[in-house]
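Biologist: I would like to learn how to read a structure like this one. Could you walk me through some features, one at a time?

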Amino acid sequence: MFFGDPVAAFTNIGRALRPGGRLVMLAWQGPEPNEWVRELTGALAAGRDLPAPPPDAPGPFSLADPGRIRTLLASAGFSDVTLDALHGPMWFGSDPDDAHRFVLGLMGWMLDGLDATGRERALDALTATLTAHAGPDGITFASAAWLIRAAR
């Protein structure tokens, strides 16, 4: 997901495999089925309109498009590419305070550039979002990924 030149990167990975070797990996589906990124980003945006990166830019959702995945892997010499959709809860902590620390460690950069009022608004929104997702198993959000398999 984070390769600057994914065709070159997957070609190199393919070279490390023996003939007939298999590539198996997980990649996020897009933001829409990933409640965690939509809701946490929405809270930390504090009302700002944050642009999404281009779909082919390195980042967590650069392999969200099945067609792009198939094209990249075929260009890198892989065949028999299959994708299986996986959906399940993503655990962020045992309680809102635990999850708050984790989310700020992961996404705290989104607070950069906010004044004190904006920062407070974002942190309050984050607390409310995490509290709304508290359940018997802790803080969970819906997530969706692709299980990607290919042969070399």
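Biologist: Let me start with one residue: in which strand does Asp 80 lie?

Modeller: Happy to help, and please keep in mind that this is a predicted model. Asp 80 is part of strand E2, which covers residues 79-93. Its backbone deserves a look too: phi of Asp 80 is near 50 degrees, a positive value in a residue that is not glycine.

Biologist: Is Asp 80 buried or exposed?

Modeller: Here a cut-off helps: a residue counts as exposed when its relative accessible area is over 50%. Asp 80 has 54%, so this residue is exposed.

Biologist: Where is Ala 46 found, and what is its phi?

Modeller: Ala 46 sits in the loop between H2 and helix H3 (66-75). Its phi is near 50 degrees, again a positive value in a residue other than glycine. For burial, the cut-off is under 20% relative accessible area. Ala 46 has a relative accessibility of 9%, so it counts as buried.

Biologist: Now helices. Which residues of helix H1 are buried, and what do they pack against?

Modeller: Helix H1 spans residues 6-16, and its buried residues are Pro 6, Ala 9, Phe 10, Thr 11 and Gly 14. These buried residues pack against strand E1 (22-28) and H3.

Biologist: At what angle do the axes of H2 and H4 cross?

Modeller: For a pair of helices, look at the distance between the axes and then at the angle. The axes of helix H2 (residues 35-45) and helix H4 (residues 96-107) come within 12 Å and cross at roughly 80 degrees. Angles of 65 to 115 degrees count as roughly perpendicular, and H2 and H4 are therefore roughly perpendicular to each other. On the H2 side, the contact is made by Leu 40, Thr 41 and Leu 44, and on the H4 side by Val 103, Leu 104 and Met 107. By residue type, this contact of H2 with H4 has five nonpolar, one polar and no charged residues.

Biologist: How do I read empty space, and how many cavities of 30 Å³ or more does the count give?

Modeller: The general idea is that rolling a probe the size of a water molecule over the atoms shows where empty space is left. In this model, the count comes to one cavity of 30 Å³ or more. The largest cavity has a volume of about 50 Å³.

Biologist: Which residues line the largest cavity?

Modeller: Among them are Met 1, Phe 2, Phe 3, Pro 6, Phe 10, Asp 56 and Arg 68. The lining divides into eight nonpolar, one polar and two charged residues. Pro 6 and Phe 10 may look familiar: both belong to the buried residues of H1.

How values were computed. Residues numbered from 1 in each chain as written. Predicted model: local features only at pLDDT ≥ 70, side-chain atom pairs only at ≥ 80, totals over all residues. Heavy atoms only, no water. 1 Å grid on protein atoms, 1.4 Å probe; cavity = no way out; pocket = protein on both sides within 12 Å on 5 of 7 lines; lining within 4 Å. Points joined across faces, edges and corners; volume = space filled by probe spheres on them. Nonpolar A, V, L, I, M, F, W, Y, C, P; charged D, E, K, R; others polar. Axes fitted to C-alpha atoms, helices over the stretch in contact; angles between N-to-C directions. Helix = DSSP H or I, 4+ residues; strand = E, 2+ residues; numbered from the N terminus. Parallel < 35°, antiparallel > 145°, perpendicular 65-115°, else oblique. Contact = heavy atoms within 4.5 Å. Buried < 20%, exposed > 50% of the residue type's maximum accessible area, 1.4 Å probe, protein only.
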